[in-house]
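Visitor: Could you take me through one part of this molecule slowly? I would like to look at a sheet and what lies around it.

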Amino acid sequence: MSRSFQLGMSLPDEPLIRIRSGRVWTLIDLHDVWAHSELFYFLVWRDLKVRYKQTILGASWVILQPLLMTVIFVVFLGMIVRVYTPGVPYPLFLYSALLPWTFFSNAVASSSYSLIAASQVITKVYFPRVLIPAAVVTVRLSDFVIAFIFLIPLIAYYDVRPTWKLIFLPLLVVQLTLLALGVGLWSAALNVKYRDVGTIIPVLLQLWMFVSPVVYPSSMVPVRWRIVYNFNPLAGLINNFRSSLLGTPFNGWSLAISAVITVVVLVSAVIVFRRVEDEFADVI
Amino acid sequence: MRPIVQVRGLGKRYHLPRTRNNSPTVRDALVGAMKNFFGRLGGRNGEGADSFWALRDVNFDVHPGEVIGIIGPNGAGKSTLLKILSRITKPTEGKADIYGRVGSLLEVGTGFHPDLTGRENIFLNAAILGMKRTEVKRKFDEIIAFSEVEQFLDMQVKYYSSGMYLRLAFAVAVHLEPDVLILDEVLAVGDASFQTKCQEKMREVHSEGRTVFFVSHNMDAIQRICNRVLLINGGVLTEGRGVAATIAEYLGRNSSNQGPNSLRDEPSKTDLAVSAGSS
């Protein structure tokens with residue numbers, strides 16, 4: 001016989017966990033995410049630790065990736081094609097855009113595979129799945145911060161004086177991170193459901209870079225295409241990121257469009273992610 | 001006395017992959033949608049034939065302090081039930097309410113990272129299972145003592161033997177102090193002395209008034225540890241009068257049948273043609 005009646009354990013009136021059938025159309029359960037905040041820190045810490053443990057080059061790779069790309073584009077586009085960037089030296093023009101671009105592209109690419117890579121854990125333990133891509137984006141954000149430090153000697157070398165516009169930089173980084181998270185959540189969820197998404201994403205990212213003002217100024221885009229061009233949320237972000245660093249004029253219009261699109265992408269990503277989250281363990 | 005776990009009409013339907021290729025692509029989805037569309041125009045319904053119920057109409061109540069053994073042949077639905085209770089997968093129908101914190105260990109070493117040390121993995125694994133860092137710190141010595149891997153604590157776990165892995169993982173899980181502990185046949189890897197130790201620990205957990213779900217094919221262990229046994233066969237749950245009777249029923253049925261049934265066996269109560277739940 002059960003001896004439980006002797007123990008006098010007090011049970012809560014409401015169930016702590018309600019398991020129900022059916023699909024949900026809700027935003028992420030923030031309470032649940034908060035309850036697992038420690039797991040989030042551990043996932044970030046684990047990734048950082050393992051990466052920097054394995055390679056002495058770990059930290060330097062983070063700077064080398066945008067730096068090597070800068071060198072390549074300086075040679076091919078700066079010296080051979082001769083892209084004209086008014087008022088800004090081309091290497092600086094490139095590096096200040098390759099920084100946010102590398103962060104965005106790496107964050108999206110690695111979040112798209114993050115859930116599949118964690119399939120062992122997903123099929124065996126419960127926790128809000130959103131923590132996995134969120135941790136991946138955070139790790140990439142730390143890469144971005146390290147690579148950013150290299151920008152300081154570069155700016156000093158080209159003798160660019162920081163202006164008051166620099167105070168907007170943190171806000172732009174926040175928006176960039178949210179956009180990367182939104183696109184990352186979309187691609188992570190789709191990649192679990194449809195495995196060919198993983199192979200399309202690198203191609204789409206390549207394309208995305210060339211429709212963004214990374215290696216050329218958006219002033220090279222024909223005027224009648226400018227409005228369409230600015231519907232790429234990265235156009236406003238990268239242009240204004242550069243302006244904030246180098247003191248060139250802000251473009252409020254493109255930033256406003258970009259901010260609206262960022263919100264739309266993030267909210268829709270969270271809803272879609274939440275909806276397919278329950279199926280992950282069954283289809284992964 | 002109120003139950004701590006209340007399960008009502010729980011069912012889980014899985015879809016069998018239509019083709020041998022079980023990772024669908026966007027292309028497959030588009031082709032499937034077209035087929036479905038034209039199939040519907042032709043008045044046929046493509047749904048239903050390729051699915052089966054892993055679990056159907058499961059009802060039970062569990063009271064605090066009960067140690068529940070779950071037995072049944074392979075593919076009967078035991079793991080599916082544990083996965084639903086651990087919130088890893090959603091039921092297709094029915095509901096379950098749990099009035100307490102759940103800790104589950106469905107596989108040894110889940111969430112262990114081979115490149116981190118034993119010490120680091122204790123914290124990581126505890127975080128994955130929902131334990132706070134301060135709690136782990138408080139219980140750290142106990143976990144180490146239980147796991148008996150003290151001298152290897154600062155070695156990367158990729159060099160651990162499977163027995164050491166198991167001991168560390170189990171040590172973390174039992175020290176979680178959840179109200180409901182779910183164990184899916186994870187003890188089979190350990191040696192005899194560690195298994196005994198685990199069984200003692202489970203009895204201790206039980207005496208503290210916590211609830212344990214324990215899947216095993218080891219009837220001796222079930223008989224020794226559990227004070228209640230549920231039998232699942234073909235997705236249907238039954239319970240005999242007492243532990244011994246339920247085990248006898250399972251063993252008797254198993255020998256009269258043609259052995260462990262396969263996933264594809266149809267649950268006796270199920271009419272696959274009328275399966276119209278959510279997918």
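Guide: Here is a walk through one sheet of chain B and some helices of that chain. This is a predicted model, where local features need pLDDT (the predictor's confidence in each residue, from 0 to 100) of at least 70, side-chain atom pairs count only at pLDDT 80 or more, and totals for chains, interfaces and linings use all residues. Residues are numbered from 1 along each chain as its sequence is written, while chains are lettered from A and ligands numbered from 1 in the order in which they are written.

In chain B, six strands make an open sheet with mixed pairing, in the order 5-6-7-3-8-9. Strands (E, at least two residues) and helices (H or I, at least four) are DSSP runs, numbered from the N terminus, and two strands pair if DSSP finds at least two bridges between them. Strand 5 (102–105) and strand 9 (236–238) of chain B are the edges, each pairing on one side only. On average, neighbouring strands of this sheet are turned by 20 degrees against each other, direction ignored.

Now find strand 3 (residues 67–71) of chain B, which runs parallel to strand 8 (residues 228–233) of chain B and is joined to that strand by four bridges. Opposite Leu230(B) in strand 8 of chain B stands Ile70(B).

Helix 6 (residues 192–207) of chain B lies across strand 3, strand 6 (180–184) and strand 7 (211–215) of chain B. This helix runs at about 145 degrees to strand 7 of chain B; axes are lines fitted to C-alpha atoms, for helices over the stretch in contact (C-beta atoms, placed from the backbone, within 7 Å), and angles run from 0 to 180 degrees between N-to-C directions.

Key
Contact = placed C-beta atoms within 7 Å.
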